[in-house]
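Q: Please take one part of this model and go through it closely, from the backbone pairing to the side chains packed around it. Give the cut-offs behind each term as it comes up.

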Amino acid sequence: MKERRTVNEEAIVTLKAVLCGCGAMAHGWVRALKTTPGLADAIEIVGLVDLDARVARQLAETFGLTEAVIDTDLDRVLRETRADLLFDVVVPAARRAVVASGLEHGCHVLSEKPMAASLDEARELVALAEAAGRIHAVVQNRRFISGIRRMRRFVESGVIGDLTGIHCDFFIAPHFGGFREKMDNVLLLDMAIHTFDAARFVSGKRPLSVYCLETNPAGSWYAHGASANAIFRLSDDVAFTYRGSWCAEGRRTSWESAWRLVGSKGMLTWDGEEAFDAAVAGEEEGLLRGYRPIEVPPAPREQETHGHASVIADFLDAIRSGRPPETAGFDNIKSLAMVFGAIESARTGQPVAIEA
Ligand SMILES: NC(=O)c1ccc[n+]([C@@H]2O[C@H](COP(=O)([O-])OP(=O)(O)OC[C@H]3O[C@@H](n4cnc5c(N)ncnc54)[C@H](O)[C@@H]3O)[C@@H](O)[C@H]2O)c1
């Protein structure tokens, strides 16, 4: 930790961070760290670790991180740099060991999603963080975008009454190459987790059970599970349905899914981009009552709508204030439990109770 004085003599503490896993996503992290006011001064990247040192060097060169130690051995770098923070951007299979190592060295850890490769691993990491007295949070960045925040605010306002259903469609055909095309349950583990987490956030409900049909459709270029259709029971009898495919060529949906929220008084649809459409029952006589359009207010706090940058800022604020971050591991595990419940249901063909 380094302390400096600003012009008005307020102390700013710069935290030292090691970033482990310097592949594609790490570029987004470093860009957010370097370009976001409030983060650039508060966090200094003192180490870059990757199994492939060339990848780490490339990241350092791209962003001019000339002072950072570059190595393939995370323990050595954490020991040498005495880092305060570990940023974990490795592939999911390597996550448990990397997070455990960061906590062992006394770091607060911010991990990419998914928070672990299994629920047991996730539970172990939550317990390790608690024992170490360190913050452990997950980059569930897609809940930190304007549309998701607007939906949550709108549901909370009660305009459409009590929420009864959430329905999400996700149909895109990205050709990533790399680990995604080789892993099992690719859509559920690597992408649907964002939508499941957002459904939990928007509704404020607890996931109770799930039934899921997972397939790898004809023509898929993934090894396993490029499509999933899941029905969740959330608390207070809210139904959440998810229909998704990662090999659906043609005109795609948004990366955030296309949403329909059904309430006891009206509905809200969001195309996952700019188009919101909300209405409550009208006053026409007869079979159908018609509808009355309702304005959807903007997101309540603009600073919470910048994806990775907002997650990192929330993590930092949690460290400074002592409050839990919004995406703390002990809460995010509930979203992971939705994923593993869906995977288990797809495997057994039976509905599965969700226990985080
Ligand atoms: N939040 C998002 O929107 C989002 C988007 C893309 C990827 N991700 C997540 O980010 C993570 C990384 O994805 P990516 O696309 O950058 O993958 P990637 O394959 O491009 O990069 C991962 C890097 O981690 C390194 N690595 C693997 N095991 C390691 C270990 N034990 N120690 C050090 N380095 C190790 C690899 O060598 C590789 O360079 C994944 O968990 C992925 O799900 C999140």
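A: Two strands pair if DSSP finds at least two bridges between them; strands (E, at least two residues) and helices (H or I, at least four) are DSSP runs, numbered from the N terminus. The model is predicted, with local features requiring pLDDT of at least 70 and side-chain atom pairs pLDDT 80 or more, while totals for chains, interfaces and linings use all residues. Residues are numbered from 1 along each chain as its sequence is written, and side-chain values use heavy atoms, without hydrogens or water.

The part chosen is an open sheet of 9 strands with mixed pairing, in the order 15-14-13-12-8-11-10-9-16. Strand 15 (291–294) and strand 16 (352–353) are its edges; each has a single partner strand, so one side of each has no neighbour in the sheet. At the strand 16 end, strand 9 (residues 207–215) makes an antiparallel pair with strand 16 over 2 bridges, and Val 210 stands opposite Val 352 of strand 16. Strand 9 is also antiparallel to strand 10 (residues 227–234), here over 8 bridges, with Glu 214 opposite Ala 228 of strand 10. Elsewhere in the sheet, 4 bridges join strand 12 (residues 258–263) and strand 13 (residues 266–270) in the antiparallel sense. Val 262 has Met 267 of strand 13 as its bridge partner.

Strand 8 (residues 163–171) holds Thr 164. With a relative accessible area of 37%, Thr 164 counts as partly exposed (buried is under 20%, exposed over 50%, partly exposed in between, with a 1.4 Å probe and protein chains only). Leaving aside residues up to four places away in sequence, Thr 164 touches Asp 237, Val 238, Ala 239, Val 262, Gly 263 and Ser 264 (contact means heavy atoms within 4.5 Å). Ser 111, by contrast, is 53 residues from Thr 164 in sequence and 33 Å from it in space, C-alpha to C-alpha.

Ile 166, with the same sequence neighbours set aside, touches residues including Ala 199, Leu 234, Val 238, Phe 240, Trp 259 and Leu 261. Together with Phe 240, Trp 259 and Leu 261, Ile 166 touches the most other members of the largest nonpolar core, which has 78 residues. Such a core is a set of buried Ala, Val, Leu, Ile, Met, Phe, Trp, Tyr and Cys residues joined through side-chain atoms within 4.5 Å. Helix 7 (residues 186–203) supplies 12 residues to the largest core, the most of any contributor. Residues of this core come from both domain 1 (15–142 + 308–325) and domain 2 (146–303 + 335–353), so the core lies between them; the domain bounds come from an automatic or database assignment. Apart from this core lies another of 35 residues, among them Cys 22, Val 30, Leu 65 and Leu 316.

As for the two domains themselves, their centres, taken over C-alpha atoms, are 29 Å apart. In their contact, 14 residues of domain 1 meet 14 residues of domain 2.

The aromatic rings come next. There are 13 aromatic pairs in the structure, a pair being rings of Phe, Tyr or Trp (its six-membered ring) with centres within 6.5 Å, stacked if the planes are under 30 degrees apart, edge-to-face if over 60 and tilted otherwise. Trp 29 and Phe 87 form a tilted pair, with centres 5.2 Å apart and planes at 55 degrees. Trp 29 belongs to helix 1 (residues 24–35) and Phe 87 to strand 5 (residues 85–88), so this pair ties together parts 58 residues apart in sequence. Phe 196 and Phe 240 make an edge-to-face pair, 5.8 Å between centres and 85 degrees between planes. This pair links helix 7, through Phe 196, to strand 11 (residues 238–245), through Phe 240, across 44 residues. Phe 196 is buried at 0% relative accessible area, and Phe 240 is likewise buried at 0%.

One aromatic cluster consists of Phe 170, Phe 176, Trp 221, Tyr 222, Trp 246 and Trp 255. The charged end of Arg 180 sits over the ring of Phe 176, 4.5 Å from its centre (NZ of Lys or CZ of Arg must be within 6 Å of the ring centre and within 35 degrees of the ring normal). Arg 150 is placed over the face of Phe 276, 4.2 Å from the ring centre.
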